[in-house]
Amino acid sequence: MQTVLITGGTGFIGRALTKLLLEKNYRVIILTRDLNHQQTKLQPHVQYAQWDLQKQIIDEKAIAASDHIVHLAGANVGEKRWTKKRKKEIVESRTKSGELLVKALKEIPNNVKAVISASGIGWYGPDPVIPNPQPFIESAECHDDFLGETCRLWEEGITPVSALGKRLVILRTGIAISENGGAAERFHKTIRFGIAPILGSGKQVMSWIDLDDLVRLYLFAIENEKVNGIYNAVAPFPVSNRRLVTELAKHMKGSFFIPVYVPSFALRLLIGEMSIEVLKSATVSSEKIRKAGFQFVYPSISASIRKQPA
């Protein structure tokens with residue numbers, strides 16, 4: 001039985017990935033700051049081990065016991081307003097965690113074969129304002145805004161593991177869609193009251209991925225030695241904000257909902273600088289990961305939403 005060590009394993013993606021790995025007969029070790037709290041959630045083949053980013057300490061036995069590492073750790077970008085303090089937390093939660101893993105893999109004898117690290121499509125800027133722009137591919141330069149710089153530092157922080165002889169896969173993840181978290185859940189609350197909130201013009205393109213496909217993609221990266229380097233973790237068919245919200249509303253309410261446009265200026269007042277990302281159109285290509293052999297179960301937003309409870 002192989003062992004996968006997960007950072008950020010108690011989060012939205014980490015919980016779903018843990019469930020899939022257990023179904024596939026892997027042993028899972030989850031790194032956590034609060035070991036006493038997590039050990040109350042005992043599951044067969046799941047172990048919790050302690051790490052501390054501020055003190056730069058990590059459980060040496062957890063590193064030594066691992067065959068693969070999945071690096072998901074990072075403060076939730078959309079959870080709070082982007083104050084100066086919050087921005088620092090978003091960046092450092094990613095860079096310091098990557099640095100600690102690199103340090104551990106250098107100093108602790110281990111048999112880790114691969115490191116699969118999250119990144120984000122925030123790497124890319126807005127779609128060019130030209131007719132029929134081409135989707136962003138992995139070789140595109142990072143954008144010079146906050147999320148672009150965050151993704152650059154995030155990826156640079158974990159890249160040195162390649163020099164240690166470890167296979168490194170970086171998944172630039174789109175907007176994760178699930179009934180139990182992520183972007184869709186945020187719309188659920190208002191749609192239940194018959195209001196479908198369309199952000200800004202609603203025309204901005206959202207490059208998304210179903211959560212089930214996302215965790216399958218992490219498993220695919222773990223199990224396929226030929227998968228190496230950077231891949232976009234997005235579904236083949238991006239959609240507009242308006243399409244996503246109205247599809248979700250139709251699924252939940254039938255025809256009993258009212259589309260309500262939330263003006264751009266209102267979003268700027270409500271969430272500040274984060275509104276730039278909410279209103280940004282970013283069309284991102286999934287061609288590279290599909291050519292590597294990954295097959296999406298939920299390639300369209302309709303397929304993803306249909307499996308959600310109404």
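In the predicted model, Arg172 is positioned over the face of Trp123, at 3.9 Å from the ring centre. A second contact of a charged group with an aromatic ring involves Lys87, whose charged end sits over the ring of Phe146, 5.0 Å from the ring centre.

Contacts between aromatic rings were also examined. Four aromatic pairs are present in the structure. One of them is formed by Phe294 and Phe296; the arrangement is edge-to-face, with a centre-to-centre distance of 5.0 Å and an angle of 85° between the planes. Phe294 has a relative accessibility of 4% and therefore counts as buried. Phe296 is likewise classed as buried, because its relative accessible area of 14% falls under the 20% cut-off. Phe220 joins these two residues in a cluster linked by ring pairs.

The second largest pocket has a volume of about 310 Å³. Its lining comprises 14 residues, and those nearest the pocket centre are Ala16, Lys19, Leu211, Asp212 and Val215. In terms of secondary structure, helix H1 (12-23) and helix H7 (211-223) each contribute at least two residues to the lining of this pocket. The largest contribution comes from H1, which provides six residues. Classified by residue type, the lining of the second largest pocket contains seven charged, five nonpolar and two polar residues.

Note on methods. Residues numbered from 1 in each chain as written. Predicted model: local features only at pLDDT ≥ 70, side-chain atom pairs only at ≥ 80, totals over all residues. Heavy atoms only, no water. 1 Å grid on protein atoms, 1.4 Å probe; cavity = no way out; pocket = protein on both sides within 12 Å on 5 of 7 lines; lining within 4 Å. Points joined across faces, edges and corners; volume = space filled by probe spheres on them. Helix = DSSP H or I, 4+ residues; strand = E, 2+ residues; numbered from the N terminus. Nonpolar A, V, L, I, M, F, W, Y, C, P; charged D, E, K, R; others polar. Phe/Tyr/Trp six-rings, centres within 6.5 Å; stacked < 30°, edge-to-face > 60°. Buried < 20%, exposed > 50% of the residue type's maximum accessible area, 1.4 Å probe, protein only. Lys NZ or Arg CZ within 6 Å of the ring centre and 35° of its normal.
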